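Biologist: I'd like to learn how to read a model like this one, feature by feature. Can you take me through it?

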Amino acid sequence: MEHKPTDELEQLGEQLRSKLFGYPVLESLPAGFMEGVRQKIRIRQRQRLHRWAVLASAAVILLGIGLSRHLMVKNAPEAIPPQPQAQINEFDANLARMSVPPDTDGKIKVFSQIIGAQNFTLSFNRTKDELTFVASDKPAKLIDKNNHWEAKLQKVLDKCFLDAKELTCIVVDGRGKNWSILE
Amino acid sequence: MNEKELVSRLRAKEEQAFEELVQSYGPRLLRGARLLTGQSQLAEVLVSDAFAEAFFALPRYRAEAPLFNWLYGIMLNQFRYHCRKHKHFINLESVADSLEAKETPVDDSDMLKRLPDCIGKLSPEHSSVIVLKYLEGKTTEEIADILAIPSGTVKSRVHNALEFLRKTMNQMNLLPNSATD
């Protein structure tokens, strides 16, 4: 576009200003204009309400989905309990009924029966009152999905060697890794 | 009419106040919209849309800006939205070149009638600044505030729009010195 000197454009601007000065302003609004505005407001109000309703519905649906997922996750361990309470109670009841001989050899015998370990060594240091249990695998009878076997083992230890001053139990798995040390 | 009082009544959701707002500013907004669009009916649609928009936007109105400027800004937004929706994109060069020159010069009243045609050929951004500056007599700063653009942009848009109008109006023999140009 060809550029004209600024003063020429200013002159045109002044011409425009003077011409547009005469551009008429309506003395009053056209008939029905106000009603038209009111109608548009009503339509927009409805649209807004509809939009809010849609948003609220979507929010409720999303909240519902989120909540149900949360509950599913929260309830999942309860739905498939790895160690049902009844099973734990049964173990405790059996343990309570069991009588343990007062001598150490008898205690060791009962201990090994309860835990059902196949490959293990159990030694009792009389001077230190220290019991050392080394197994090449987790005790067979105490294995469960929830890894409660450590607690069970502790219970068996308490039952058999309650009078010992200090008990040390070392469980070693097949790879020689220390699983746990219970005192 | 006290503008502050009107604004406080509007904020109190007084129905009568809104009607006063429309009655007071509607005619001037319609004049601007008619010049921008060149059509009375479309102008009415744009201005009524602007008032409906303003009704919901009132809580966001900054009292330091004049109410009329604020309403004008909304109306111009509606205008730009309408142009975008209807793909009102115009290449200034091509339109100016395609216009055929009139053989007989037109008089003042004819020029006034044909000005909307010329302004309507501008892009919405350029026609908005022309209407605000030369019809409404707004300053560069006021235009910048209404359109939410920098003052420098306003000046360059005014300059480019005048260049285009000069060429268009010359070709339509709407300027006194058209013959010599």
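Biologist: How many residues does helix 4 of chain A have, and how far does helix 4 reach from its first C-alpha to its last?

Modeller: Helices here are DSSP runs (H or I, at least four residues; strands are E, at least two), numbered from the N terminus. The expected span is 1.5 Å times one less than the number of residues. Helix 4 of chain A, residues 104–115, has 12 residues and reaches 16 Å, close to the 16 Å expected. Bear in mind that this is a predicted model, where local features need pLDDT of at least 70 and side-chain atom pairs count only at pLDDT 80 or more, while totals for chains, interfaces and linings use all residues. Residues are numbered from 1 along each chain as its sequence is written, chains are lettered from A and ligands numbered from 1 in the order in which they are written, and side-chain values use heavy atoms, leaving out hydrogens and water.

Biologist: Which residues of helix 4 of chain A are buried?

Modeller: Buried means under 20% relative accessible area, exposed over 50%, and partly exposed in between (1.4 Å probe, protein chains only). An α-helix has 3.6 residues a turn, so residues three or four places apart point the same way. In helix 4 of chain A the buried residues include A:Lys107, A:Val110, A:Phe111, A:Ile114 and A:Ile115.

Biologist: On to chain B: what is its secondary structure?

Modeller: Chain B comes to 9 helices and 0 strands. Of its 181 residues, 55% are buried. For contacts (heavy atoms within 4.5 Å), take the pairs in chain B at least 6 apart in sequence: 69% of them join residues at least 24 apart. B:Asn69 in helix 4 of chain B shows how that looks for one residue. B:Asn69 is buried at 5% relative accessibility and, beyond its neighbours within four places in sequence, is in contact with B:Lys138, B:Glu142 and B:Ile146.

Biologist: And the interface: how much area do chain A and chain B bury between them?

Modeller: Buried area is the accessible area (1.4 Å probe) that two parts lose on being put together, summed over both. Chain A and chain B bury about 3900 Å², with 67% of it on carbon and sulfur atoms. Chain A gives 29 residues to the contact and chain B gives 44 residues.

Biologist: How many salt bridges cross that interface?

Modeller: Side chains of opposite charge can pair when their charged atoms come close. The rule wants a side-chain nitrogen of Lys or Arg within 4 Å of a carboxyl oxygen of Asp or Glu. It finds 5 across the interface, and 13 over all chains. B:Asp49, in helix 3 of chain B, meets A:Lys40 at 3.0 Å and A:Arg44 at 3.5 Å. B:Asp49 is buried at 16%, and A:Arg44 is buried at 19%. B:Glu15 and A:Arg38 also meet, at 3.9 Å. B:Glu15 is in helix 2 of chain B and A:Arg38 in helix 2 of chain A, so this pair joins two chains.

Biologist: What about a salt bridge inside chain B, such as B:Glu136 with B:Arg28?

Modeller: Those side chains meet at 3.0 Å, N to O. B:Glu136 sits in the loop between helix 7 and helix 8 of chain B and B:Arg28 in helix 2, so the pair ties together parts 108 residues apart in sequence. B:Glu136 is buried at 9%, whereas B:Arg28 is partly exposed at 32%.
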